[in-house]
Each structure stands twice: as structure tokens, then as C-alpha cells.
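Let's practise reading aromatic rings in a protein model. Grab a pencil and work through the exercises one by one.

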Amino acid sequence: MTPPASPLAAVAGGARAALPPHDLPGLDPAWSRIVAVPGRGLDAGITREWHCLDTADALAQLGVEPAGTILAVHGNPTWSYLWRRIAAASLRRAAAGETAWRVVAVDQLEMGYSERTELADGARRHRTLAQRVADLSAFTDALGADGAASTGRAPDDAKSAGRALNGLVVTLGHDWGGVVSLGWAIDHPGQLAGVALLNTAVHHPAGTPIPAPLRLAGARGVLGAATVATSGFLDTTLALASPSLDAEVQAAFRAPYGSASRRHGIGGFVADIPVDAGHESFVELERISAGVASLRVPALLLWGPSDPVFGDRYLDDLVDRMPHADVHRFEGASHLVAEDRPYAPAVLDWLAHSPVARPIPPVEEPPQAASRDQAAPSAPHSPVEERIGEADARHETRPSHP
């Protein structure tokens, strides 16, 4: 495999952002860029380097003005490569004269080809959920800042950013990237046009163990070995694909994580799972889960029901919070639903048919995250299949096409 286009140099105890290899299947190198982002929170006063995929230049070459931006956020332990298919599909539709959507897919800090910082040290130090939500806001603000864009590197070593998000924004997130994307959505109501999610969770019932794969990976004495010292957590995640990933695609997902020093972010994400109310990210997760119930924009939930991590209990919770959401279950799909099934046409079809720019009318007394576990404890949850069955008319107009 061709080495990255730019070397990784030490910066403030970490490593600079880089461009991915040029030969990854399905990924156009022209989409990659590096963005210099003034940090916030723990990064205040520091400029961080982000790698992202951005189809803005490709749309400009087509002479097309996008209707809006899809802001895509990966989870753990993937990277922006996860969103290559929606980037490609959106450009094909734009070239065919259909409504154009710009795709901006980030590599979160410590992940993919974005900067490794001195704030990441696997199990001992990690970026919290609140910090990651602040990070994403800093990134989108940097895209719109005057002169944002130059990393100060040679033209063949980096690409400029300098293009503010076009129009209204639809967030798209998977796994813990779903939670981070929802945090951004809640904090940017004036820019938000809709939210789309693939297998994620914003709430875990009190007193219920977290899913077994996460519980095992985060166990004392196991976390560092499973997530940082070895590629065990990455291997396990990639093995969840159904059908199995091609060898070249597996290699592409592994490409940014070839050594322990490149995997601290993977361990940090697992360490940041709020297992109980005493965890440092619990309050932020509660803020986001409550805010989701107040969202009045179109929503799309794309789900792999065979996921051993984010199963139907989490889909049911999201439907409770967003009863207006369209739901598409890809039967037989697992955690990596973006690899398992044709999610990109489903998202773009939904955008074409949904009133994305029009808010949903308010509902009375939206559920409050803080009281969900105490309210009506004896009342059983409605099976998510029943929830979907009651709303068949909504879902039939948003089919997925290969």
C-alpha cells in the first residue's frame, strides 16, 4: 500500500495530520484536505489539524451549487473512509442533474488521519464527549472563518479548506460519532436541517450493563491491551461486517491505526463510555439525550438489527425521543451497516423526499432524559418492530435502492 502523501511529524507530543494513501478502494484522493482548526476547551490556544473528506471542489468542477451540506461523523474505531460511498453517490446524482449535497466527513481528533495530540493517552487520558462536541463545532467554524484554511504546508503536502458549510446542514453519524453529531445538531439549531443516524445510542437504562463487547474491552487490565497495545478492538469491529469485508477494504480501515501510538484514540473512546452517573461524560450524554427529544427537524434512523453493540433497545429509545423519525431497518445488517447495506441511496432518497428545511410541529411534553428510568417502571417497552409497523406509510416512501 502506498504510504501517506505527507509524513507524520511530531507536534506538541503528538503527530500532525496527514493525507491518506492514494490507492484506497472507493476513496478519491481529491476529496481529502487538511484543515487548521483553533482549538476549544482543553485545546484553547492551540491550533489542531484535522483530516476530512470534502466534495466541495468536485461540485464546483461540475458547476453545481449544493442545496446544503451533509456533515458526517464516524465512530470508534473507524474513520472518514466509512463515508466514501455517500460522497461518491452524491456526486453521481449531482452530475445527473439531481439535487446536489456537499459531503464533509471528518476524522475526529486522535482518529483516522487527523492529528494525534498530547491529550490522548489511551486509558489514562482521553478526549471526553463534551470535548469532542466542542471539537466538531470548532472544526465547522474554522471552515467558515476568513482565511481558515491554510496549514502552512507546501501545496503538494496539504489542501486548503476555506469553504464554509453550504446552506443548511444535515448531520450523519454512526456509533459514538452519532452522539457527537447530535451534540453539534443541538448546539446549532439555526444551521440544522435534519439528522440521520446509523446504529448509535444516546441513553442507556440505569442498572443495565453496557453491551458485552464494550464491557469486555473496557475492563480493568484489558482496555489498554485490547484497544491500544494490540489491534484487538479494531479487529473485532471489522469482523462484525455482514457479509465480511474485502481484504482491501479491511486494509483501508486499518491504514491509520498501524501502531500503538496511532491507536490511543481508540482506547480513549472506549474509556469515555459513560458506564454510570459518576462518569465524567455522563452529564454531557444526558444533555444530548434530552436535547434529541426536542429536535423538530426531519430525522432518519438507518439500522442494522443484528448489531451486538447497539441493538434494537437503542433504536426503540431513539424512536421514543423522535417519534417523527423515518426508520429503515436493513434486515441481517450488523454494526457496520454502512458497509453491510446500501445506506447512501437511502439517505439521498430521504433527502429528496423529506421536507428537510421545514421544522416538524411540536409535540406535547417531550420525554425528558433525566426521568426516563424512573417514569412508569412497570410499563413494558413497545417492541421497535411495532413502532415501525405503526408508521409503515412513512417508511414506504423512503426505500433503499442498490
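**Exercise 1.** How many aromatic pairs does the count come to?

Solution. This is a predicted model. Ring centres must lie within 6.5 Å to pair, and by this rule the count comes to seven aromatic pairs.

**Exercise 2.** Take Trp50 and Phe139: what kind of aromatic pair do they form?

Solution. Start with the distance: the centres are 5.0 Å apart. Next, the angle between the planes is 35°. Planes under 30 degrees apart count as stacked and over 60 as edge-to-face, so the rest are tilted. That makes Trp50 and Phe139 a tilted pair. Now place the rings: Trp50 is in strand S4 (residues 47-54) and Phe139 is in helix H3 (residues 129-144), so the pair ties together parts 89 residues apart in sequence. Both Trp50 and Phe139 are buried.

**Exercise 3.** Now do Trp83 and Tyr343: what kind of aromatic pair is this?

Solution. Centre to centre you get 5.9 Å, with 70° between the planes, and the pair is edge-to-face. Trp83 sits in the loop between strand S5 (68-73) and helix H2 (84-95), while Tyr343 belongs to helix H13 (residues 343-353), so the pair links distant parts of the chain, 260 residues apart.

**Exercise 4.** Are Trp83 and Tyr343 buried or exposed?

Solution. Buried means under 20% relative accessible area. Trp83 has 0%, so Trp83 is buried. Tyr343 has 1% relative accessibility, so Tyr343 counts as buried too.

**Exercise 5.** Which residue lies over the face of Tyr81?

Solution. Arg84 does, at 4.0 Å from the ring centre. Tyr81 also forms one aromatic cluster with Trp79, Tyr113 and Phe253.

How values were computed:
Residues are numbered from 1 along each chain as its sequence is written. This is a predicted model: local features need pLDDT of at least 70, side-chain atom pairs count only at pLDDT 80 or more; totals for chains, interfaces and linings use all residues. Side-chain values use heavy atoms; hydrogens and water are left out. Rings of Phe, Tyr and Trp (its six-membered ring) pair if their centres lie within 6.5 Å; planes under 30 degrees apart count as stacked, over 60 as edge-to-face and the rest as tilted. Helices (H or I, at least four residues) and strands (E, at least two) are DSSP runs, numbered from the N terminus. Buried means under 20% relative accessible area, exposed over 50%, partly exposed in between (1.4 Å probe, protein chains only). A charge sits over a ring if NZ of Lys or CZ of Arg is within 6 Å of the ring centre and within 35 degrees of the ring normal.
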